[in-house]
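These exercises ask you to read a protein model step by step. Try each task before reading its solution.

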Amino acid sequence: MNSSSASKSKVGSSSQSSETSFKRKRGVFQKDLQHMMYGFGDDPNPLPETVALVEDIVLEYVTDLAYKAQDIGSKRGKLSVEDFLYLIRKDLPKLNRCTELLSMQEELKQARKAFEVDEEKLATVE
């Protein structure tokens with residue numbers, strides 16, 4: 001029980017410092033969140049308070065995930081994608097989506113590389 005209360009106090013203290021950083025960055029994702037909310041069935045123009053609340057929740061989640069990944073990565077000395085995948089390993093929809101996006105990123109990287117090689121060949125032929 002002591003370790004859980006210690007972790008709760010740690011979380012509470014980090015959320016206080018992160019709240020001030022949220023206030024500075026508020027509205028950065030507002031348009032994107034409005035579009036996403038509409039895509040998931042909300043009104044085309046949701047209330048600004050609702051968007052602000054969703055933004056706070058998202059920023060808190062992402063910040064918390066990044067801190068946890070950093071804790072895991074610090075044991076090896078560097079932060080990697082695998083640290084994030086490890087954290088979401090039990091949430092299969094998120095894990096599947098992340099692995100799908102990572103494989104698409106790799107495919108795009110390979111396609112760009114092939115395109116650059118083709119351009120270089122064309123430039124040397126002409």
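**Exercise 1. A residue between the cut-offs**

Task: Decide whether Arg 97 is buried, partly exposed or exposed.

Solution. Step 1: the relative accessibility of Arg 97 is 43%. Step 2: buried means under 20% and exposed means over 50%, with partly exposed in between. Step 3: Arg 97 therefore counts as partly exposed.

Step 4: turn to the partner of Arg 97. The side chains of Arg 97 and Glu 100 form a salt bridge, with 3.5 Å from N to O. Glu 100 is also partly exposed, at 40% relative accessibility.

Step 5: place the pair in the chain. Both residues belong to helix H5 (residues 92-125), and because they are three residues apart there, about one helical turn separates them.

**Exercise 2. How far to trust the model**

Task: State which element has the lowest mean pLDDT and which the highest.

Solution. Step 1: note that the model is predicted. Step 2: look at the whole protein. The mean pLDDT is 83, and 79% of the residues score at least 70.

Step 3: go to the elements. Helix H1 (residues 2-25) has the lowest mean, 46, while H4 has the highest, 96. Over residues 1-20 the pLDDT is below 50, and this stretch has one contact in the model beyond near neighbours in sequence. Step 4: draw the consequence. Where pLDDT is low, predicted coordinates should not be read in detail.

**Exercise 3. The overall layout**

Task: Describe which elements the protein has and how much of the protein is buried.

Solution. Step 1: count the elements. There are five helices and zero strands, so the order from the N terminus is written α-α-α-α-α.

Step 2: consider burial. The protein has 126 residues, and 16% of them count as buried. Step 3: consider the surface. The accessible surface is about 10,300 Å², and carbon and sulfur atoms account for 59% of it.

Step 4: consider the contacts. Among those between residues at least 6 apart in sequence, 32% join residues at least 24 apart.

**Exercise 4. The surroundings of Asp 83**

Task: Find where Asp 83 lies, whether Asp 83 is buried or exposed, and what the side chain reaches.

Solution. Step 1: Asp 83 lies in helix H4. Step 2: with a relative accessibility of 2%, Asp 83 is under the 20% cut-off and so counts as buried.

Step 3: list the contacts. Leaving out residues up to four places away in sequence, Asp 83 touches Ala 69, Ile 72, Gly 73, Arg 76 and Lys 78.

Step 4: examine Arg 76. The side chains of Asp 83 and Arg 76 meet in a salt bridge at 2.9 Å, N to O. Arg 76 is partly exposed, at 49%. In general, side chains of opposite charge can pair when their charged atoms come close.

Step 5: follow the side chain of Asp 83 to the loop. The backbone nitrogen of Ser 80 is reached at 2.8 Å. Ser 80 lies in the loop between helix H3 (48-74) and helix H4 (81-87), and is buried, with a relative accessible area of 16%. The side chain of Ser 80 also makes a polar contact with the side chain of Glu 82, at 3.2 Å.

**Exercise 5. Another salt bridge**

Task: State how many salt bridges there are, and describe the one between Asp 91 and Lys 94.

Solution. Step 1: the count comes to four salt bridges. Step 2: a salt bridge needs a side-chain nitrogen of Lys or Arg within 4 Å of a carboxyl oxygen of Asp or Glu. Step 3: Asp 91 and Lys 94 meet at 3.2 Å, N to O. Step 4: Asp 91 is partly exposed, with a relative accessible area of 28%, and Lys 94 is partly exposed at 35%.

**Exercise 6. Two sites with partly exposed residues**

Task: Say which residues make the nonpolar surface patch, and which residues Tyr 38 touches.

Solution. Step 1: Val 58, Tyr 61 and Val 62 make a nonpolar surface patch of about 240 Å². Val 62 lies in helix H3 and is partly exposed, at 45%.

Step 2: Tyr 38 lies in helix H2 (residues 30-39). Tyr 38 has a relative accessible area of 48%, so this residue is partly exposed. Step 3: not counting residues up to four places away in sequence, Tyr 38 touches Asp 43 and Pro 44.

How values were computed. Residues numbered from 1 in each chain as written. Predicted model: local features only at pLDDT ≥ 70, side-chain atom pairs only at ≥ 80, totals over all residues. Heavy atoms only, no water. Helix = DSSP H or I, 4+ residues; strand = E, 2+ residues; numbered from the N terminus. Buried < 20%, exposed > 50% of the residue type's maximum accessible area, 1.4 Å probe, protein only. Polar contact = N/O pair within 3.5 Å; in protein donor to acceptor, adjacent residues only side chain to side chain. Patch = residues over 30% accessible without salt bridge, like charges linked within 9 Å, V, L, I, M, F, W, Y side chains within 5 Å. Areas by Shrake-Rupley, 256 points an atom, 1.4 Å probe, with all protein chains shown as cover. pLDDT = per-residue confidence, 0-100. Contact = heavy atoms within 4.5 Å.
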